[in-house]
Amino acid sequence: MNKSLLTNLVSAAILAVGLLLDETELSAILTMVGLFALSGALTNWLAIFMLFEKVPFLYGSGVVPAHFEEFKKSIHRLMMDEFFTPENVDRFLTAGSFSAASINLEPVIEKVDLNPTYDGLVEVIMASSFGGMLVMFGGKEALIPLREPFIEHMKKSIIEMTNDDKFIQLLKDEVEQPKIMQDILSKVEQIIEQRLSELTPTIVKNIIQKMIKRHLGWLVIWGGVFGGLIGLVSAFVIA
């Protein structure tokens, strides 16, 4: 249910009842309560509306669309200055992220096609002094049964090598080089800038509205409540 609309309707109903009743003390109280409640609710509703929409002749309205570029720059500064700093990236790299338990290259290695490697090895062998001897035993065809055992053994050896702590340390040291670190930060910044460039004022407005719409509705309600209380006190003061 729309809290703002309901509050305005209730306030208007109280005001209408007060105006329709005969000129009695009760009608005066209801009129004041309804008038002040409606003014408080409408004022807060208009303030919320002006936050997202530009209203002609009302200076300061449309805050979100008007400061859209500042909004994007603030997000960029927040991400790069608070999250993706060289210190935070270095802390991430040294916090156990580079360990044999966390880096598992086996699935990648299993998908690597090592057939070209084997073919290259065969070409080297055929071009060497052993090539002439292999011709006597069938040439390249004689090495065909060795293809699968060679590939399987190579993958197993590579997997064992990548799981070695020394290899992990070498990889970690290489990644932590200043130039590599700067490249990582540059790529992260490019990704953030690309995503921010896809934002439009409408998207930003919708995001903020969804985030705080539920809570902004209470501003209208409390505006009506406090406005009604002020009207009630004013009615007794006037009386």
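L20 is exposed, with a relative accessible area of 74%. The residue sits in helix 1. In space, L20 and T31 are 9.3 Å apart from C-alpha to C-alpha, and in sequence they are 11 residues apart. Please keep in mind that everything I show today comes from a predicted model.

Let us stay with helix 1 for a moment. L15 is also found there. Is L15 buried or exposed? Its relative accessibility is 15%, and the cut-off for buried is under 20%, so L15 counts as buried. Setting aside neighbours within four places in sequence, L15 is in contact with L30, T31, G34, L35 and L38. The C-alpha atoms of L15 and M32 lie 7.4 Å apart, while the two residues are 17 apart in sequence.

A further residue of helix 1 is N8. N8 is buried as well, at a relative accessible area of 12%. Which residues does N8 touch, once neighbours within four places in sequence are left aside? They are L38, A41, L42 and W45. L38 also appears among the contacts of L15.

Now the chain as a whole. It has 12 helices and zero strands. Read along the sequence, the pattern is therefore one α after another, with nothing else in between. The chain has 239 residues, and 28% of them count as buried. About 16600 Å² of the chain is exposed, and carbon and sulfur atoms supply 67% of that. If we take contacts between residues at least 6 apart in sequence, 71% of them join residues at least 24 apart.

Next, the nonpolar core. How many residues make up the largest one? There are nine: A41, I48, F52, V64, F68, V204, I208, L216 and V220. Helix 2, residues 25-52, and helix 12, residues 201-238, each supply at least two of these residues. Helix 12 gives the most, with four residues.

Take V220, one of the core residues. Apart from neighbours within four places in sequence, V220 is in contact with S4, T7, A41, N44, W45 and I48. Two of those names, A41 and I48, were in the core list too. W45 and A41 were also in the contact list of N8.

From the core we go to the surface. Which residues make the nonpolar surface patch of about 700 Å²? W218, W222, V225, F226, L229, L232 and F236 do. F236 is found in helix 12, and helix 12 is also the helix that gives the most residues to the core.

Then there is charge. Side chains of opposite charge can pair when their charged atoms come close. The structure holds one salt bridge. In it, the side chains of R147 and D119 meet at 2.8 Å, N to O. R147 lies in helix 9, residues 147-162, and D119 in helix 7, residues 115-127, so the pair ties together parts that are 28 residues apart in sequence. Are the two partners buried or exposed? Neither word fits: R147 counts as partly exposed at 23% relative accessibility, and D119 counts as partly exposed at 34%.

One more pair, this time with a longer stretch of sequence to cross. I75 is found in helix 4, residues 68-83. I75 is partly exposed, with a relative accessible area of 26%. I75 and L196 are 121 residues apart in sequence, but their C-alpha atoms are 8.4 Å apart in space.

Last, confidence. The average pLDDT of the chain is 77, and 82% of the residues score at least 70. Where do the lowest and highest mean pLDDT fall among the elements? The lowest, 65, belongs to helix 5, residues 86-97. The highest, 87, belongs to helix 1, residues 3-20. Where pLDDT is low, the predicted coordinates should not be read in detail.

Note on methods: Residues are numbered from 1 along each chain as its sequence is written. This is a predicted model: local features need pLDDT of at least 70, side-chain atom pairs count only at pLDDT 80 or more; totals for chains, interfaces and linings use all residues. Side-chain values use heavy atoms; hydrogens and water are left out. Helices (H or I, at least four residues) and strands (E, at least two) are DSSP runs, numbered from the N terminus. Buried means under 20% relative accessible area, exposed over 50%, partly exposed in between (1.4 Å probe, protein chains only). Contact means heavy atoms within 4.5 Å. Accessible areas come from the Shrake-Rupley method with a 1.4 Å probe; for residues, only the protein chains shown count as cover. A nonpolar core is a set of buried Ala, Val, Leu, Ile, Met, Phe, Trp, Tyr and Cys residues joined through side-chain atoms within 4.5 Å. Patches are made of residues with over 30% relative accessible area and no salt bridge: like charges are joined within 9 Å, nonpolar side chains (Val, Leu, Ile, Met, Phe, Trp, Tyr) within 5 Å. A salt bridge is a side-chain nitrogen of Lys or Arg within 4 Å of a carboxyl oxygen of Asp or Glu. pLDDT is the predictor's confidence in each residue, from 0 to 100.
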